[in-house]
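User: Please take one part of this model and look at it closely. I would like the packing described in terms of axes, contacts and buried residues.

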Amino acid sequence: MATMLINHMCFLTSLLLITFPVANAIPARDIDKLCKETTDVPFCLQYIGSDPRIPAARDLSDVLLIAITQSKMQVDDATTHIDRVRRKFSGPNGKRRIEVCKTNYGIASARFHTAWELGLQKSFWDVEKLARIGTNAVIDCENVWRRDGPIQTSPLTFYNMNVFKLSGIILLIFDKLV
């Protein structure tokens, strides 16, 4: 279901971007400039600058849709990863923490999906709010591994950090759009 939803989002975002001529595309130098304003330039260039939909992006609102889609993809990948590593956490703390992450990633997935829908409508204030809620759910997943019991290493740190960095890009674009 989640894979079908993300495929639908990617398809619609691609269709939206392809419908308009590349001649109207946002210049690559503007994407480079945007990435230079982030806390992790190589990450931004990898996930945003190298996205195959970027050459068709007409403006920052299209880049915002791409960043939201990238966030949703990270969330969905993390959810799949949770299902793969769940068996490794058989103790009460590990089981509880995995369930918190599973629940929080469900929240994040729904919020990023709705943010994407609202981004299509250019409802940027709502996008910003929902992206923050989704990101905070992911941050709580990272933090739960250090609370209420012995500290454990989160098996989701890679995805959590990616969502956190993408959120920074989303908020940067939001600041430029409003």
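Analyst: Of the 178 residues in the protein chain, 48% are buried; the model is a predicted one. The chain has seven helices and zero strands, so that, by the definition of these elements, its pattern along the sequence reads α-α-α-α-α-α-α. Among contacts between residues at least 6 apart in sequence, 74% join residues at least 24 apart.

The part examined here is helix 4, with its packing against helix 5 and helix 6, followed by helix 7. Two packed helices are described by the angle between their axes and the distance between the axes. For helix 4 (residues 60–85) and helix 5 (residues 92–120), the angle is about 160° and the axes are 9 Å apart. Helix 4 is therefore roughly antiparallel to helix 5, because angles over 145 degrees count as such. Their crossing is left-handed. On the helix 4 side, the contact includes Leu65, Ile68, Lys72, Val75, Asp76, Thr79 and Ile82. On the helix 5 side, the residues include Ile98, Cys101, Tyr105, Ala108, Phe112, His113 and Trp116. By class, the contact of helix 4 with helix 5 holds 14 nonpolar, six polar and four charged residues.

The axes of helix 4 and helix 6 come within 12 Å and cross at roughly 25°. This makes helix 4 roughly parallel to helix 6, and the crossing of these two is also left-handed. Here Ser61, Leu64, Ile68 and Val75 of helix 4 meet Phe124, Val127 and Val138 of helix 6. The residues of this contact divide into six nonpolar, one polar and no charged. Ile68 and Val75 appear in the contact with helix 5 and in the contact with helix 6.

Helix 4 is also among the elements against which the buried residues of helix 7 pack; the others are helix 2 (28–36), helix 3 (41–49), helix 5 and helix 6 (124–143). Helix 7 (residues 157–177) has 21 residues, which at 1.5 Å a residue should span 30 Å, and its end C-alpha atoms are 30 Å apart, so the two values agree. Its buried residues include Tyr159, Val163, Leu166, Ile169, Ile170, Ile173 and Phe174, and also Asn160, Asn162 and Ser167.

Asparagine 162 lies in helix 7. With a relative accessibility of 5%, asparagine 162 counts as buried, because the cut-off is under 20%. Leaving aside residues up to four places away in sequence, asparagine 162 touches Phe43, Tyr47 and Gln74.

Definitions and conventions:
Residues are numbered from 1 along each chain as its sequence is written. This is a predicted model: local features need pLDDT of at least 70, side-chain atom pairs count only at pLDDT 80 or more; totals for chains, interfaces and linings use all residues. Side-chain values use heavy atoms; hydrogens and water are left out. Axes are lines fitted to C-alpha atoms, for helices over the stretch in contact, and angles run from 0 to 180 degrees between N-to-C directions. Helices (H or I, at least four residues) and strands (E, at least two) are DSSP runs, numbered from the N terminus. Angles under 35 degrees count as roughly parallel, over 145 as roughly antiparallel, 65 to 115 as roughly perpendicular and the rest as oblique. A crossing is left-handed if the near helix is turned anticlockwise from the far one by less than a right angle, and right-handed if clockwise. Contact means heavy atoms within 4.5 Å. Ala, Val, Leu, Ile, Met, Phe, Trp, Tyr, Cys and Pro count as nonpolar, Asp, Glu, Lys and Arg as charged, and the others, Gly among them, as polar. The expected span of a helix is 1.5 Å times one less than its number of residues. Buried means under 20% relative accessible area, exposed over 50%, partly exposed in between (1.4 Å probe, protein chains only).
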